[in-house]
Each structure stands twice: as structure tokens, then as C-alpha cells.
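Work through the exercises below with the model open. Try each task before reading its solution.

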Amino acid sequence: QYLISAASNCQIPFSKICVNILVDCSSFISVENKLFNLLLICSLTNALDILSIPYSVAVFGDSNFKQIIKTFDDKHSIFELQKILECSLIKRLCSNLPSAIKFGIDNMKHESREHRVTFTFTSGLDDQIRLSKSWAESIFTDEHLSFLFVFMKSIFIECEDEKYLSSIWN
């Protein structure tokens with residue numbers, strides 16, 4: 001209840017917000033989890049469209065694979081959602097989260113909206129995710145940027161590894 005109360009009392013400048021959605025194409029994410037991600041992304045993008053908050057979408061994998069598939073100028077449509085689905089099913093070996101986040105910061109800017117929220121749908125299986133101090137000093141430096149990570153658990157993670165990952169994610 002505290003969270004709902006705090007969020008309700010915030011002055012959210014909707015006219016100054018835009019959203020970046022980053023979608024991990026790692027082969028470590030099962031097709032079922034990718035489809036579940038799409039369900040979340042469809043819900044999110046429909047809500048953004050209703051609220052007139054512009055959004056852009058990019059897919060990412062390893063450090064050499066990052067591509068914007070929906071720009072802020074592209075209209076929200078079933079066609080755009082279909083592109084997100086098809087591109088999310090591309091199988092890349094392993095994602096590189098820091099380079100993906102940096103790509104979004106540098107290349108997915110809106111021309112007039114200064115506040116940006118980045119939703120990242122990923123497996124979280126990146127050695128660099130535990131370097132939180134480094135992230136804070138090099139990536140999370142702009143007060144106008146907010147980040148949310150949706151981590152998808154792989155069926156290939158063993159119980160001991162799952163406990164370790166949960167401690168990092170939380």
C-alpha cells in the first residue's frame with residue numbers, strides 16, 4: 001500500500017516522459033519466456049499508447065548486436081508488435097547488458113521529452129550485472145533516466161545458481 005500511496009502522490013510529468021524498451025534475444029531465454037515477455041510488452045505498449053507516452057523498442061544480444069526496431073515516430077500498431085515478436089525470437093549467444101543499456105541511452109533519445117524510462121526484458125545472465133558500483137558510476141548517471149529490469153528465469157539454471165542470481169537481482 002505504501003508504494004501505491006507514494007506513486008499516487010508523485011508529480012509525474014507525463015508530457016515530458018518517453019519510454020525505451022530493450023528486448024534481450026539471448027538463446028538462454030526459452031521461447032515460452034520470450035512469448036511471456038511479449039505479453040508484458042503488449043500490455044505496456046498499449047498502456048503507453050493510451051497515455052500518449054511515446055516509446056521506442058530495440059532488440060539486443062551480444063555486444064555487436066543491437067538494433068532499434070520501433071522509433072518514437074513509428075505509430076503504435078499490431079504491425080509494430082509483430083516486429084517485436086519476430087525480432088525477439090532471434091537467437092543470440094549471450095547478452096551484454098551494459099552495452100545494451102548504453103546503446104539505449106545514447107541512441108534512443110526523444111527530441112523533446114527529457115525524462116526517459118527504460119524497461120529491459122532480459123535473462124540477467126551477464127557476468128557484468130554484479131558490478132553495481134561500476135554501473136552507478138558509468139551508466140546510471142543522468143537523473144532524468146529511470147531503469148526497470150524484468151529478469152526471466154531460464155529452465156537451464158540449477159538451484160544453487162538460481163539462489164546466487166536471485167541475490168544479485170534483488
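**Exercise 1. Classify Lys83: buried or partly exposed?**

Solution. The model is predicted. Start with the relative accessible area of Lys83, which is 23%. The buried class ends under 20%, and the exposed class begins over 50%. Lys83 is therefore partly exposed.

**Exercise 2. Find the salt-bridge partner of Lys83 and classify that residue.**

Solution. Step one: the side chain of Lys83 meets that of Glu80 in a salt bridge, with 3.1 Å from N to O. Step two: place the pair. Both belong to helix α3 (residues 78–88), three residues apart, so about one helical turn separates them. Step three: check the cover. Glu80 has 7% relative accessibility, so Glu80 counts as buried.

**Exercise 3. How many salt bridges does a search of the whole structure find? Describe the one formed by Lys102.**

Solution. The search finds two. Lys102 pairs with Asp106 at 3.3 Å, N to O. Both residues sit in helix α4 (residues 97–107), four residues apart, or about one turn. Now the accessibility. Lys102 is partly exposed at 37%. Asp106, at 38%, is partly exposed as well.

**Exercise 4. Set these helices in the whole chain.**

Solution. First, count elements: the protein chain has six helices and five strands. Next, read their order along the sequence: α-β-α-β-β-α-α-β-α-β-α. Then turn to burial: 41% of the 170 residues count as buried. For contacts with a separation of 6 or more, 80% join residues 24 or more positions apart. Finally, the surface: the chain exposes about 10,000 Å², and carbon and sulfur atoms supply 56% of it.

Key. Residues are numbered from 1 along each chain as its sequence is written. This is a predicted model: local features need pLDDT of at least 70, side-chain atom pairs count only at pLDDT 80 or more; totals for chains, interfaces and linings use all residues. Side-chain values use heavy atoms; hydrogens and water are left out. A salt bridge is a side-chain nitrogen of Lys or Arg within 4 Å of a carboxyl oxygen of Asp or Glu. Helices (H or I, at least four residues) and strands (E, at least two) are DSSP runs, numbered from the N terminus. Buried means under 20% relative accessible area, exposed over 50%, partly exposed in between (1.4 Å probe, protein chains only). Contact means heavy atoms within 4.5 Å. Accessible areas come from the Shrake-Rupley method with a 1.4 Å probe; for residues, only the protein chains shown count as cover.
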